[in-house]
Amino acid sequence: MRALQYRSIGSAPEVVEIPTPEPGPGQVRLKVTAAGLCHSDTFLMGLPAEQYIYGLPLTLGHEGAGIVDKLGDGATGVAVGDSVAVYGPWGCGHCHACSEGRENYCTNAGALGIAPPGLGAPGAMADYLIVDDSRHLIPLDDLDPVDTVSLTDAGLTPYHAIVSCLDRLYPGSTAVVIGAGGLGHVAIQILRAITSARIVALDIDEDKLALAREVGADLTFPSNTDAVAAIRNATGGVGAQVVFDFVGTQPTLDIAQQSVAMDGKIQIVGIGGGVLPTGFFSTPFGASVQAPYWGSRSELIEVFDLARRGFVKVHVERFTLEEAPHAYERLHAGTISGRAVVVP
Ligand code: NAD
Ligand code: ZN
Ligand code: ZN
């Protein structure tokens with residue numbers, strides 16, 4: 001089969017021919033229908049050898065959907081022909097967090113060597129994908145896999161970040177979304193769908209700000225040193241009850257820290273390498289900072305239900321598997337609008 005692999009440190013990913021994998025006991029093989037590109041892929045491909053922990057060669061793709069194609073011995077819960085999406089943050093299935101469906105916070109995954117597809121295990125940018133257990137599969141039914149595959153990360157991650165601070169997003173509150181890219185443009189729609197907060201989006205790219213307005217942002221500002229004053233001005237000096245930072249670099253975390261309201265919350269989702277030193281006098285009274293990771297299985301079910309009701313629509317740019325290396329170049333250059341999705 002064909003697979004898009006990151007094969008050596010610092011090189012571009014390439015499409016290669018590898019043996020089609022067979023599902024082992026309990027596993028499920030999918031014929032991939034769609035696989036999304038995430039900025040985290042470009043992050044890991046930019047790591048130096050001493051920090052790179054994902055194994056080589058790595059088949060990319062941690063947003064995956066497919067048709068169940070073959071069941072390993074003893075696999076139950078899905079049938080050949082089912083259209084499914086993959087819940088990516090695989091855990092041990094047995095610890096306290098996993099028992100709550102929050103496998104994104106599994107306490108055993110690291111020690112057991114369990115890694116998400118595309119982030120250690122072979123990913124979805126291939127003709128076929130092996131999924132370790134049918135509990136990681138969410139039925140898509142009549143949802144289009146290309147339109148919805150990115151909800152498994154670009155939908156689930158913002159959803160988890162938003163529901164973790166719903167109490168702050170009351171009528172009259174303001175939510176700031178920094179970075180209106182793959183995750184950010186879905187975050188804006190989720191905020192619209194499940195809260196009545198006013199939404200302010202920041203980005204460095206005018207086209208992304210236009211997309212932010214199109215999907216529901218009330219106000220948009222360029223992400224620069226004037227942004228803090230613009231947010232303070234728009235909130236009568238109070239600041240934003242929640243700031244979602246989908247970039248996470250030093251300039252954006254500085255904006256987050258300076259524009260959050262008292263008793264507000266900063267959700268650091270972007271892995272841009274910035275730090276937010278907190279101390280009594282460095283953040284407003286009562287403010288808290290969280291670094292949420294991906295989301296739970298039940299949250300993913302809820303995200304797909306939002307899509308079924310028409311509340312969330314990923315802005316998708318399609319690519320073939322052969323075009324995927326080019327799609328990564330465009331993601332790296334910041335010229336993808338919404339989410340890039342590979343259709344093998
Ligand atoms: P993306 O490239 O699709 O979007 C990033 C957006 O940020 C773009 O619109 C870009 O123009 C904008 N941007 C860049 N610099 C900016 C700045 N200084 N101020 C404001 N906007 C700026 O990326 P994505 O796939 O949406 O991922 C967003 C971030 O979230 C990445 O860092 C990614 O690695 C991370 N991520 C984290 C998790 C998690 O579980 N915490 C999950 C998925 C992705
Ligand atoms: Zn991701
Ligand atoms: Zn676990």
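Helices (H or I, at least four residues) and strands (E, at least two) are DSSP runs, numbered from the N terminus. This is a predicted model, in which local features need pLDDT of at least 70, side-chain atom pairs count only at pLDDT 80 or more, and totals for chains, interfaces and linings use all residues. Residues are numbered from 1 along each chain as its sequence is written, while chains are lettered from A and ligands numbered from 1 in the order in which they are written.

**Exercise 1.** Find the buried residues of helix α7 and explain why they lie on the same side.

*Solution.* Start with the cut-offs: a residue is buried if 20 or more other C-beta atoms (placed from the backbone) lie within 10 Å of its own, exposed if 12 or fewer, and partly exposed in between. In α7, residues 206-214, the buried ones are Lys-208, Leu-209, Leu-211 and Ala-212. They span an arc of only 155 degrees around the axis, so they sit on the same side of α7; the arc is that of the directions from the helix axis to the C-beta atoms.

Now turn to the face away from the buried side: there you meet the exposed residues Glu-206, Asp-207 and Glu-214. The cover over the buried residues includes α6 (182-194), β10 (198-203) and β11 (219-222), where contact requires C-beta atoms, placed from the backbone, within 7 Å. Finally, step just past α7 to Gly-216, whose phi is positive, about 125 degrees.

**Exercise 2.** Describe the shell around ligand 1 and work out why ligand 1 lies between two domains.

*Solution.* A residue is near the ligand if its C-beta atom, placed from the backbone, lies within 6 Å of it. There are 33 residues around ligand 1, and His-39, Gly-179, Gly-181, Gly-182 and Ser-223 come nearest. Two or more residues each come from α1 (39-45), α6, β10 and α9 (250-259).

Next, look at the domains, whose bounds come from an automatic or database domain assignment. Domain 1 (2-153 + 295-342) and domain 2 (156-290) both contribute to the shell, so ligand 1 lies between them.

**Exercise 3.** Compare the settings of Asp-263 and Trp-294: which is buried and which is exposed?

*Solution.* Most residues other than glycine have a negative phi. Asp-263, not a glycine, has a positive phi of about 65 degrees, and Trp-294, also not a glycine, has one of about 45 degrees. Asp-263 belongs to strand β13 (residues 260-268); it counts as exposed because it has 12 C-beta neighbours inside 10 Å. Trp-294 lies in the loop between β14 (288-290) and α10 (297-308), and its 23 C-beta neighbours inside 10 Å make it buried.

Definitions and conventions: Two residues are in contact if their C-beta atoms, placed from the backbone, lie within 7 Å.
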